Amino acid sequence: MIGRKIGLATGYYIFFLALAILTFVPLPVAPYLAAVLGGLTLTAGMAVTVALLGDALGARLAAPAFGFVSLFYNLGQVLSPSISGAIIDATGSFSSSLIAATASGFMAATLCLFLRVKGPARGY
């Protein structure tokens, strides 16, 4: 087993790869490949997060912690279209918004590697 921390980071790195392909690969097949990779990892982040929180905090605190994490996850989903629109308006380019999303995805995946987790969720 690779552990939940590494599993979470791997899911986000795959999603980052999908964004990078969509952003930087100028082939007609790129959007389809990006859609397949993104679809494979679409719900992985939240599913692994639930398991990680359960391991790290125990059954009693896992549910409120997941609610707290979900709040910020959904806040990001609400704010990101406005932020992307502002980037597009400022630069006049849709690709600048994709580059920002790709960089954010890489940062999120890398930050997962630094999670401090006790118990079975430690990973390697």
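**Helix packing in a predicted five-helix chain**

Q: Which orientation do α3 and α4 have to each other?
A: In this predicted model, α3 and α4 turn out not to be called antiparallel, because that label needs an angle over 145 degrees. Helix α3 (residues 44-57) and helix α4 (residues 59-91) pack at about 140°, with 8 Å between their axes. That angle is therefore classed as oblique.

Q: What is the handedness of the crossing of α3 and α4?
A: The angle by itself, about 140° for this pair, is one part of the picture. The other part is the sense of the crossing, and for α3 and α4 that is right-handed.

Q: How many charged residues does the contact of α3 with α4 have?
A: On the α3 side, the contact is made by M46, T49, V50, L53, G54 and L57. From α4 come A59, L61, A62, A65, F66, V69, S70 and Y73. Sort them by class and you get 11 nonpolar and 3 polar residues, while the charged count is no residues at all.

Q: Where is the place of G58, and is G58 buried or exposed, or partly exposed?
A: G58 sits in the loop between α3 and α4. Buried would need under 20% relative accessible area and exposed over 50%. G58 comes in at 26%, so the call is partly exposed.

Q: What separation do the C-alpha atoms of G58 and T110 have?
A: Along the chain, G58 and T110 are 52 residues apart. In space, their C-alpha atoms are separated by 25 Å.

Q: At what angle do α4 and helix α5 pack?
A: Their axes are 7 Å apart, and the crossing of α4 and α5 is right-handed. The pair counts as oblique, because the angle is outside the perpendicular range of 65 to 115 and not over 145. The angle of α4 to helix α5 (residues 94-112) is about 135°.

Q: How do the residues of the contact of α4 with α5 divide?
A: α4 brings S84, I87, I88 and T91, and these meet F94, S96, S97 and A100 of α5. Charged residues are absent from this contact. The split is 4 nonpolar and 4 polar.

Q: Which helix gives the most to the largest nonpolar core?
A: That core has 5 residues in all: A18, I21, A30, A34 and L37. Both α1 (4-24) and α2 (30-41) supply at least two of them. With 3 residues, the top contributor is α2.

Q: Is A34 buried or exposed?
A: A34 lies in helix α2. Leaving out residues up to four places away in sequence, A34 touches A18, I21 and L22. The cut-off for burial is under 20%, and A34 has a relative accessible area of 9%, so A34 is buried.

Q: Which residues is A18 in contact with, leaving aside its neighbours within four places in sequence?
A: A18 is a member of the largest nonpolar core, as is A34. With those sequence neighbours set aside, the partners of A18 are A34, L37 and G38.

Q: What share of the contacts between residues at least 6 apart in sequence join residues at least 24 apart in the protein chain?
A: The backdrop is a chain with 5 helices and 0 strands, whose C-alpha atoms fill a box of roughly 50 × 30 × 20 Å along the principal axes. Buried residues make up 26% of its 124 residues. For the contacts in question, the share is 68%.

Definitions and conventions
Residues are numbered from 1 along each chain as its sequence is written. This is a predicted model: local features need pLDDT of at least 70, side-chain atom pairs count only at pLDDT 80 or more; totals for chains, interfaces and linings use all residues. Side-chain values use heavy atoms; hydrogens and water are left out. Axes are lines fitted to C-alpha atoms, for helices over the stretch in contact, and angles run from 0 to 180 degrees between N-to-C directions. Helices (H or I, at least four residues) and strands (E, at least two) are DSSP runs, numbered from the N terminus. Angles under 35 degrees count as roughly parallel, over 145 as roughly antiparallel, 65 to 115 as roughly perpendicular and the rest as oblique. A crossing is left-handed if the near helix is turned anticlockwise from the far one by less than a right angle, and right-handed if clockwise. Contact means heavy atoms within 4.5 Å. Ala, Val, Leu, Ile, Met, Phe, Trp, Tyr, Cys and Pro count as nonpolar, Asp, Glu, Lys and Arg as charged, and the others, Gly among them, as polar. A nonpolar core is a set of buried Ala, Val, Leu, Ile, Met, Phe, Trp, Tyr and Cys residues joined through side-chain atoms within 4.5 Å. Buried means under 20% relative accessible area, exposed over 50%, partly exposed in between (1.4 Å probe, protein chains only).
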